[in-house]
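Dear colleague,

Here is the structure I promised to hand over. Please open it next to this message, and read my notes with the residues in view.

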Amino acid sequence: MEIAETAAATACYHCGEDLKGSTLKLDNRAFCCEGCKTVYEILSQNNMADYYRLNANPGKNGKDAETVREKYAWLDDSQLARELIQFTDGDISTITFQVPAIHCSSCIWLLENLWKLHPGVVRTQVNFLRREAHVTFREKSISLRQLCELLHRIGYPPDLRAGSTTQAAQPHTQRHWFYRLGVAFFCFGNIMLLSFPEYFGVDALAESEYRNFFGYLNFLLSLPVLLYSSSIFFRSAWSGLRSGVVNMDVPIVLGILVMFLRSSWEIFSHTGAGYMDTLASLVFLMLIGRLFQNKTYDRLSFERDYKSYFPMAVTILRHGSETSIPVASIRKGDRLLIRSEELLPADSILMQGQACMDYSFVTGESAPAEKVAGEILYAGGRQKGSAIEVEVIREVSQSYLTRLWNDAAFRKAETHDVTSMAGRISKTFTFVVLAIAAGAALYWFSSDAHRSLNAFTAVLIITCPCALAISSPFTLGNMLRLFGRKRIYLKNTAVVETLAGIDTVIFDKTGTMTQSGDTGVQWEGDELNDEELAAVRALARQSGHPLSQKLYAGTQSGVLPGITSFAEHTGKGVQGVANGLNVKLGAASFAAPGYATQAEAKTAAVYIGINGTLRGRFLFGNRYRNGLTDLVQELRGKYTLGVLSGDNNAEAGYITALFGRDVLVRFNQSPADKLAAVRELQQQGRKVLMIGDGLNDAGALKQSDAGLSISDDINNFSPACDGIVDALVFRHIPALLHSARKGRRILMASFGLSFLYNIVGLWFAVQGNLSPLVAAVLMPVSSVTIILFTTIASRINVLRSLSDAPDATSVEQ
Amino acid sequence: MSVLFVLIGASVLVAGAFLFAFIRSVRTGQYDDQYTPSVRMLFDEPSGIASSTQQSKTNGEAPTAEPNNH
């Protein structure tokens, strides 16, 4: 408790953020903003202070909590809202929300105790890893809108974007793996037990009734393995063959089938014990391999497009009244109402109000754009400031930004795994194995027809590439997992292989090389004393303008004074009296009338006037990420580098100095330009890694061989990509590439190892005397050594390469 | 020695019972969320359970059984 009290002096009791001069207090606890204080108030009034006991400062910053007002109004009358509800019997309803803010055990506790806050909530169940809350509620006493508002007010706004709900609706995709694995393990264990007497040549087996009994039982037990557990291999091999590809599953299926047929024949003709034990253990091990390879990050989506960035519904003005319609049904000529913090879903003309569009996520332009009535606004911008009315001039899919998704790059189907190393090997492998089998059969055919058949089947059985098939899932799957531990989340194991073959690295600038949101604030002019600075900051805090917010966040001062006679002049700036000073901040002409413009700043600027005289200006430049210089140094020489920026060329000098002169650097790139640039490089035969962050990079990310998205908060929206990299480990991208290359060597070594085992097995097989015992020992031993080798080697590889990257906490994995 | 048939039959049955229990546990969702229950059990009071047990009588399993049947 004492710790909490002392910490309260500098950090917000709710969210733990720095107070930055805020003087908000309640119950002797300090808060950084009204939002945080409100959440605390709600919780303490309902005797839910346990929330704060489970973790120190468990909340998320509550600044957004104030924007709740009309945000969920569309839930009242929209057909879309009906579709969100998963089950209803008229009284009780259930719904699953994506709640990105869930991050600690306090969150689980609070959400699962939601019924204490409102009697209409029956029960909540949280799935932490998927960041989901499954809520059961009575619609008669709490409407869906009220439920969302309640969640929003306590700091857990549900994510109601289009993509997020379809994602929430499929929770059981993993289950069939467990069924298959369970069945395979059951059969494998029993067949093994029943085969033991055979291995040790127990005399009792001479009495053939037992031998036959065990054989028949083995046959029965192997049926579920063949028909159910291994069916995915059959399916994959078949779909491969149909599209003309011999993938790794083809020799596997061949081996399994031959094994089953020969064993059945031996059992029913009473000539031997068969290889059912080997069959079951192979399927079991390979299923483990597949499960391991299919590691997914439940809460991350790598497939999001603009649809999941846009809201589900938008407010439309028709005959003077407001109604909500789905974004997809917006038509040209519709008049929309865009409130503060809402996204503009289609290109429109501003009809009424003062637009201040934040396009940073869409175009990479960091300064918000001020627009007046009559100007065109492009889709994807977020309105800051008061509500505006716009008229749609292009439908959503035809808008400047979303047209990008009409490009062929977004229609290209997922390619088969022929490009992977295992895929390339498997074709040759299959034919070589068939050739050896046929050769062995021919060799023995003239002298001993029975032996010839034995040799043929034995070759196919022993070369069933189990070890080969699990090398790649275990090596790459393990690397995938370890990268996840180092805050690099890749879509699947194929991405690890692709990264190993990269030769060109292209960067986006804003948000990727620079820190998003947090721009550097630079003062230019007469030095302000602390009293003046505190007055400026107090004023900036009152203003909703994004630049004011940045100014407030980017500067430090003492305790903020109170403000009197505050006035906001739309499009110009704000003014007020604090510390006895008459402070104005905003445009140059507003801050100090009669002031002649000096050198126009290329970056955004806020001018400060105190008591009628201009004191100077704050400049908002880009702040580059830590370690960018080192990163570029490490990549130079090894890779061809390039920069594609949507921003203007204000910082061209810096970038040339950093990357050198001979590098491809382009500014003012539209999303389509970026895509085209990547495609151009690929046509020159390059393997391109694109590193971006926003929707404007979506085309380039998709077109590139591997696209990584940098994100400050991995739970937030990120465009479709092959991997999401936490901004904390941005600096370690060279290590990631290095490690991926080494991973390829590990893969080759493990392939070599499994070939060795195959040669040993072939030695027995071609002679036509492969005993079931040899098969039963050799196959699992080879698989287990491969698993051990790949796991240990890839572990050493990744952890050594990324040794100084910070670990993700256990819950973030 | 014919007791061997009975014994092996019994052992397969026992193993089958375990397989059945496993399949049941997957089916009831025990493998769907492998993290949250480990946190939930540490809370002092059982969260939400008080009202959910009272609810489950009127409600059956409807809300959790098949969440996608609108």
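I start with A:Arg138, which counts as partly exposed because its relative accessibility is 25%, and exposure begins to count as partial at 20%. Keep in mind throughout that this is a predicted model.

**Salt bridges**

Over all chains, the structure holds 19 salt bridges. Three of them are described here.

A:Arg138 pairs with A:Asp91, side chain to side chain, at 3.1 Å from N to O. The two residues belong to distant parts of the chain, 47 residues apart. A:Arg138 sits in strand S6 of chain A, residues 132-138. A:Asp91 sits in the loop between strands S3 (87-88) and S4 (92-98) of chain A. A:Asp91 is partly exposed too, with a relative accessible area of 28%.

Next, B:Asp32 and A:Arg175. Their side chains meet in a salt bridge of 2.4 Å, N to O. This pair crosses between chains. On one side, B:Asp32 lies in the loop between helix H1 (3-27) and helix H2 (36-40) of chain B. On the other, A:Arg175 lies in helix H9 of chain A, residues 175-199. Are the two partners buried or partly exposed? B:Asp32 counts as partly exposed, at 25% relative accessibility. A:Arg175 counts as buried, at 13%.

The third is A:Lys674 with A:Asp508. Their closest N and O atoms are 2.8 Å apart. Again the pair links distant parts of the chain, 166 residues apart. A:Lys674 is in helix H26 of chain A (residues 671-683), and A:Asp508 is in strand S17 of chain A (residues 504-508). Both A:Lys674 and A:Asp508 are buried. There is a further partner: through shared salt bridges, A:Asp508, A:Lys674 and A:Asp697 join into one network.

**Aromatic pairs**

The count comes to 24 aromatic pairs over all chains. One of them is A:Phe178 with B:Tyr31. The pair is tilted, with 4.8 Å centre to centre and 40° between the planes. It joins two chains, because A:Phe178 lies in helix H9 of chain A and B:Tyr31 in the loop between H1 and H2 of chain B. Look at the B:Asp32 salt bridge again here: B:Asp32 is in the loop between H1 and H2 of chain B, and A:Arg175 is in H9 of chain A.

A:Phe178 is buried, with a relative accessible area of 12%. B:Tyr31 is partly exposed, at 27%. B:Tyr31 also pairs with B:Phe22: the ring centres are 5.6 Å apart and the planes stand at 70°, so this pair is edge-to-face. B:Phe22 is partly exposed, with a relative accessible area of 22%.

In chain A, one aromatic cluster is formed by A:Tyr13, A:Phe31, A:Tyr40, A:Tyr51 and A:Tyr52.

**Nonpolar cores**

How many residues does the largest nonpolar core have? It has 116. Those with the most contacts inside it are A:Leu499, A:Val505, A:Phe507 and A:Phe659. Helix H18 of chain A, residues 466-485, gives the largest share of this core, with eleven residues.

There is also a second, separate core of 56 residues. It includes A:Phe31, A:Leu114, A:Leu117 and A:Ile154. A:Phe31 also belongs to the aromatic cluster above.

Back to A:Val505. Setting aside neighbours within four places in sequence, A:Val505 is in contact with A:Leu635, A:Tyr639, A:Thr640, A:Leu641, A:Gly642, A:Leu689, A:Ile691 and A:Leu737. A:Val505 falls within residues 504-508, the range of strand S17 of chain A.

**Cysteines**

How many disulfides are there over all chains? The count comes to zero. Two cysteines are worth a look. A:Cys12 is buried, with a relative accessible area of 0%. A:Cys356 is buried as well, at 4%.

**A hairpin in chain A**

Last, strands S22 (residues 604-610) and S23 (residues 613-621) of chain A. They run antiparallel, and seven bridges join them. Within the pairing, A:Gly609 of chain A stands opposite A:Leu614 in S23(A). S22(A) and S23(A) form a hairpin, with two residues between them. In the turn, A:Asn611 has a positive phi of about 50°.

Best regards

Conventions:
Residues are numbered from 1 along each chain as its sequence is written. Chains are lettered from A and ligands numbered from 1 in the order in which they are written. This is a predicted model: local features need pLDDT of at least 70, side-chain atom pairs count only at pLDDT 80 or more; totals for chains, interfaces and linings use all residues. Side-chain values use heavy atoms; hydrogens and water are left out. Two strands pair if DSSP finds at least two bridges between them. Helices (H or I, at least four residues) and strands (E, at least two) are DSSP runs, numbered from the N terminus. A nonpolar core is a set of buried Ala, Val, Leu, Ile, Met, Phe, Trp, Tyr and Cys residues joined through side-chain atoms within 4.5 Å. Buried means under 20% relative accessible area, exposed over 50%, partly exposed in between (1.4 Å probe, protein chains only). Contact means heavy atoms within 4.5 Å. A salt bridge is a side-chain nitrogen of Lys or Arg within 4 Å of a carboxyl oxygen of Asp or Glu. A disulfide is a pair of cysteine sulfur atoms within 2.5 Å. Rings of Phe, Tyr and Trp (its six-membered ring) pair if their centres lie within 6.5 Å; planes under 30 degrees apart count as stacked, over 60 as edge-to-face and the rest as tilted.
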